[in-house]
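Reader: I would like a close look at one part of this model. Please keep the answer brisk and set the part in its wider setting.

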Amino acid sequence: MIHVMAQWGQLGFQDGASPMMEQLIFFHDHALLVLLLITTLVGYLTASFMLSSLTSRYILEQQTIETVWTILPAIILIFLALPSLRLLYLLDEVGMSCLLTIKATGNQWYWGYEYSDFKGMEFDSYMLPEDTLEAGQYRLLEVDRRMVVPTKTDVRMLITSNDVIHSWAVPSLGVKVDAIPGRLNQTSFMATNEGVFYGQCSEICGTNHSFMPITIEAINVDDFSQWVMLATQEN
Amino acid sequence: MAAVPQLRNLLRSKVKRDLGIGIALAVVASVTYKITVNDVRIKTYEDFHRNYDAKAHYGRMIKAGVFQSIRSDGSVTAEDWK
């Protein structure tokens with residue numbers, strides 16, 4: 001789990017690189033389980049009735065079955081709702097103990113990052129053009145200046161935009177938040193391990209909507225402290 | 001004398017039988033999915049967290065030049081961000 005990004009022919013989620021994304025993946029598995037249960041039952045009954053030649057002119061109503069197929073779906077929905085609400089409130093809880101705050105501003109067509117906890121720490125992040133890529137770098141995903149964060153630290157993200165609506169998304173961290181002009185949206189994440197995590201703008205924003213990626217570099221806390229010191233040093 | 005075959009309520013009997021079969025099939029499918037997908041994925045993540053040597057992997061990533069903020073020799077740089 002070094003680079004967490006989309007792969008060719010991928011059907012499922014990217015590997016979870018944060019505790020929240022792991023929980024989202026597990027909940028998705030649970031939801032698919034419920035879906036499989038319903039689909040198997042309904043599919044079998046549909047096929048069975050379609051292939052049968054038996055009919056009845058006298059079946060007009062039947063209170064028992066009506067009651068059963070009202071109560072049963074309600075029970076099934078409870079099995080979906082309870083884990084869903086648990087996860088919803090868990091996601092909401094996370095932002096309470098953030099040690100670092102970063103503001104991401106969407107522009108046409110790049111992201112700007114401000115580390116307001118540190119003086120004068122802000123930079124823009126542009127996609128690397130294809131003709132400047134080196135071997136091993138990923139097309140449409142690499143940027144000139146990555147957003148650097150420490151691992152195992154709750155990071156608060158404040159997301160906004162300078163022009164049109166964008167969306168700041170990093171699938172492996174389980175984050176997607178709209179960047180809306182005139183509004184500050186908050187989310188948080190925690191990178192469990194060191195690595196590089198990729199995302200792309202997720203709200204149509206013009207010609208180069210596909211060419212303003214998000215690249216996060218999660219490094220050791222000590223290395224991060226050093227990086228901040230170096231980045232904020234006066235020349 | 002041969003037993004009298006069922007002459008009435010054939011559809012009713014069929015519906016009852018099919019409901020039972022359908023529910024049984026659905027439960028079997030769900031349990032199989034739970035065992036082969038859900039539980040396997042949870043175990044995979046548990047095993048990963050138990051066995052992952054973060055320090056060693058971090059060192060390998062640094063040596064391979066994966067990070068922009070850390071050079072291959074392990075020294076931290078912030079030149080690109082100034």
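Through how many residues does a hairpin join strand 2 of chain A to strand 3 of chain A? Please take me through that region, then through the rest.

Author: The hairpin runs through two residues, which link strand 2 of chain A to strand 3 of chain A. Keep in mind that this is a predicted model.

Start with the two arms. Strand 2 of chain A covers residues 100–107. Strand 3 of chain A covers residues 110–114. The two run antiparallel, and five bridges hold the pairing. One facing pair can be named: A:T105 sits opposite A:G112, a residue of strand 3 of chain A.

Now the turn itself. A:W109 belongs to the loop between strand 2 and strand 3 of chain A. The peptide bond between A:Q108 and A:W109 is cis. Its omega is about 0 degrees.

Strand 3 of chain A has a second neighbour. That neighbour is strand 4 of chain A, residues 122–125. Four bridges join strand 3 to strand 4, and this pair is antiparallel too. Here A:E114 has A:E122 in strand 4 of chain A as its bridge partner. So strand 3 of chain A is paired with strand 2 through five bridges and with strand 4 through four.

How enclosed is strand 3 of chain A? Four of its five residues are buried, so the rest of the structure largely encloses this strand. Buried here means under 20% relative accessible area.

Follow the chain onward from strand 4. The next loop of interest lies between strand 4 and strand 5 of chain A, the latter being residues 147–150. A:L140 is found in that loop. A:L140 is not a glycine, yet its phi is positive, at about 70 degrees.

Step back to chain A as a whole. It holds three helices and 11 strands. Along the sequence the order is β-α-α-β-β-β-β-β-β-β-β-β-β-α. Of its 235 residues, 41% are buried. Contacts with a separation of 6 or more are 64% made up of residues 24 or more positions apart.

The overall dimensions come next. The C-alpha trace of chain A spans about 90 × 40 × 35 Å along its principal axes. Its radius of gyration is 24 Å, against a value near 18 Å for a compact globule of 235 residues. Chain A exposes about 13,100 Å², and carbon and sulfur atoms supply 59% of that area. Its side chains include 11 positive and 25 negative ones, with the centres of the two sets 4 Å apart.

Chain B is also in the model. It has two helices and zero strands. Helix 1 of chain B covers residues 10–51, and B:N9 lies in the segment before it. B:N9 is another residue other than glycine with a positive phi, near 55 degrees.

The C-alpha atoms of chain B fill a box of roughly 95 × 30 × 15 Å along the principal axes. The radius of gyration of chain B is 31 Å, while a compact globule of 82 residues would have one near 12 Å. Buried residues make up 28% of chain B. Its accessible surface is about 5,600 Å², with 61% belonging to carbon and sulfur atoms. Chain B carries 14 positive and 8 negative charges, and their mean positions are 16 Å apart.

Back to your hairpin, then. Its link is two residues, its loop contains A:W109, and the bond from A:Q108 to A:W109 is cis.

Technical notes. Residues are numbered from 1 along each chain as its sequence is written. Chains are lettered from A and ligands numbered from 1 in the order in which they are written. This is a predicted model: local features need pLDDT of at least 70, side-chain atom pairs count only at pLDDT 80 or more; totals for chains, interfaces and linings use all residues. Side-chain values use heavy atoms; hydrogens and water are left out. The radius of gyration is taken over C-alpha atoms; the globule rule is 2.2 Å times the number of residues to the power 0.38. Buried means under 20% relative accessible area, exposed over 50%, partly exposed in between (1.4 Å probe, protein chains only). Contact means heavy atoms within 4.5 Å. Accessible areas come from the Shrake-Rupley method with a 1.4 Å probe; for residues, only the protein chains shown count as cover. Lys and Arg count as positive and Asp and Glu as negative; His and the chain ends are not counted. The place of a charge is taken as NZ of Lys, CZ of Arg, CG of Asp or CD of Glu. Two strands pair if DSSP finds at least two bridges between them.
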